[in-house]
Amino acid sequence: VTAWVLVNVLGGNKKRKPVLDPKEYKEFPLVEKVSISPNTALYRFGLPHREDTVGIPIGQHITVAAEINGKTVSRSYTPTSSDADTGHFDLVVKTYPQGNISRVIGNLKIGDRIRVKGPKGQFKYTMGMAHEFGMIAGGTGITPMYQIITHILYNKQDPTRINLIYANVSKEDILLKLELDELARRNKERFSVYYVLNNPPEGWEGGVGFVTTAMIQDKIAGPVDGKRVLLCGPPPMIGAMKKNLGELGYPPAQTISKVHDTVFVF
């Protein structure tokens, strides 16, 4: 009892303050790198204390910055980890030949540091904000979706249903496929995922080509009260998806999406 009193008086069980600052960059070291595909990896960055969290609301993201050729360059990323994962945060990053920040991250060695600030973003998930989400993601646009999907499915009190269409060029480009398939297997009544490939392998049973209005109608369906659609991917794909959704009767997506929009673009 005496020990318990001392610990509580001294603040030993006090929840630690999130480490990120939305205005000032802080540095975090790379502690682990796990290859996912030839040009994509999961990068794990350590926090100062093993009980620390980054403090990112579900659906928001961080800004990563670096000095490149004498200029500060930045890019937004959504961690695939959550505040339930203490002591670190994870980024799944695809390295592009012409990508500034992605190449910096891709060249990191264990112990190297990145500069991060946040959280930021217009979307913040709260239980009950929708009874169903349709999600359409392309490439690395899966990361904000994955963050929301795992948060919803791991909360057994959350009845929200999710239907995801995930588009890529080839099967090797599909990020987090094992994790998504396992989530779908364990949550058949709450989550479905449909993969679409431009260059499918022989015997492929998913979608082929671009995501069409017919695919959206089949996997997500048209607008009803309580349903919302989230989009994240390359700009040309987002433009096409806005058009497809409009053909199904969804309201136009705003230039800058707000949290309560029926169609929200990350």
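## Aromatic pairs

Two rings of Phe, Tyr or Trp count as a pair if their centres lie within 6.5 Å. By that rule, this predicted model holds eight aromatic pairs. Take F45 and F89. Their ring centres are 5.4 Å apart and their planes meet at 25°, so this pair is stacked. The cut-off for stacking is under 30 degrees. The pair links distant parts of the chain. F45 sits in strand 2 (residues 40-46), F89 sits in strand 5 (residues 88-94), and 44 residues separate them. Both F45 and F89 are buried.

Now compare F264 and F266. Their ring centres are 5.0 Å apart, with the planes at 70°, so this pair is edge-to-face. Here the cut-off is over 60 degrees. F264 is buried, at 3% relative accessibility. F266 is partly exposed, at 29%. These two residues also belong to one aromatic cluster, together with F123, Y125 and F133.

## Strand 3 and its neighbours

Strand 3 is mostly covered. Seven of its eight residues are buried. It pairs with strand 4 through seven bridges, and the two run antiparallel. In this pairing, E67 stands opposite T72 of strand 4.

Strand 3 also runs antiparallel to strand 6, joined by four bridges. One contact to find is A65, whose bridge partner in strand 6 is R115. R115 has another contact: it lies over the face of Y25, at 4.8 Å from the ring centre. A second arginine, R75, has its charged end over the ring of Y77, 4.6 Å from the centre.

## Unusual backbone angles

Which residue in the turn of the hairpin has a positive phi? Strands 3 and 4 form this hairpin, with two residues between them, and N69 in the turn has a phi of about 55°. N69 is not a glycine. It lies in the loop between strand 3 (61-68) and strand 4 (71-77). Is N69 buried or exposed? Its relative accessible area is 78%, so N69 is exposed. The cut-off for exposed is over 50%.

L176 also has a positive phi, about 60°, and is not a glycine. Its place is in the loop between strand 8 (161-168) and helix 4 (177-186). L176 has a relative accessible area of 7%, so it is buried. The cut-off for buried is under 20%.

## A cis peptide bond

Look at the step from G118 to P119. This peptide bond is cis, with omega near 5°. P119 is part of strand 6 (residues 113-120). Strand 6 is the one joined to strand 3 by four bridges.

Note on methods. Residues numbered from 1 in each chain as written. Predicted model: local features only at pLDDT ≥ 70, side-chain atom pairs only at ≥ 80, totals over all residues. Heavy atoms only, no water. Buried < 20%, exposed > 50% of the residue type's maximum accessible area, 1.4 Å probe, protein only. Pairing = 2+ DSSP bridges. Phe/Tyr/Trp six-rings, centres within 6.5 Å; stacked < 30°, edge-to-face > 60°. Lys NZ or Arg CZ within 6 Å of the ring centre and 35° of its normal.
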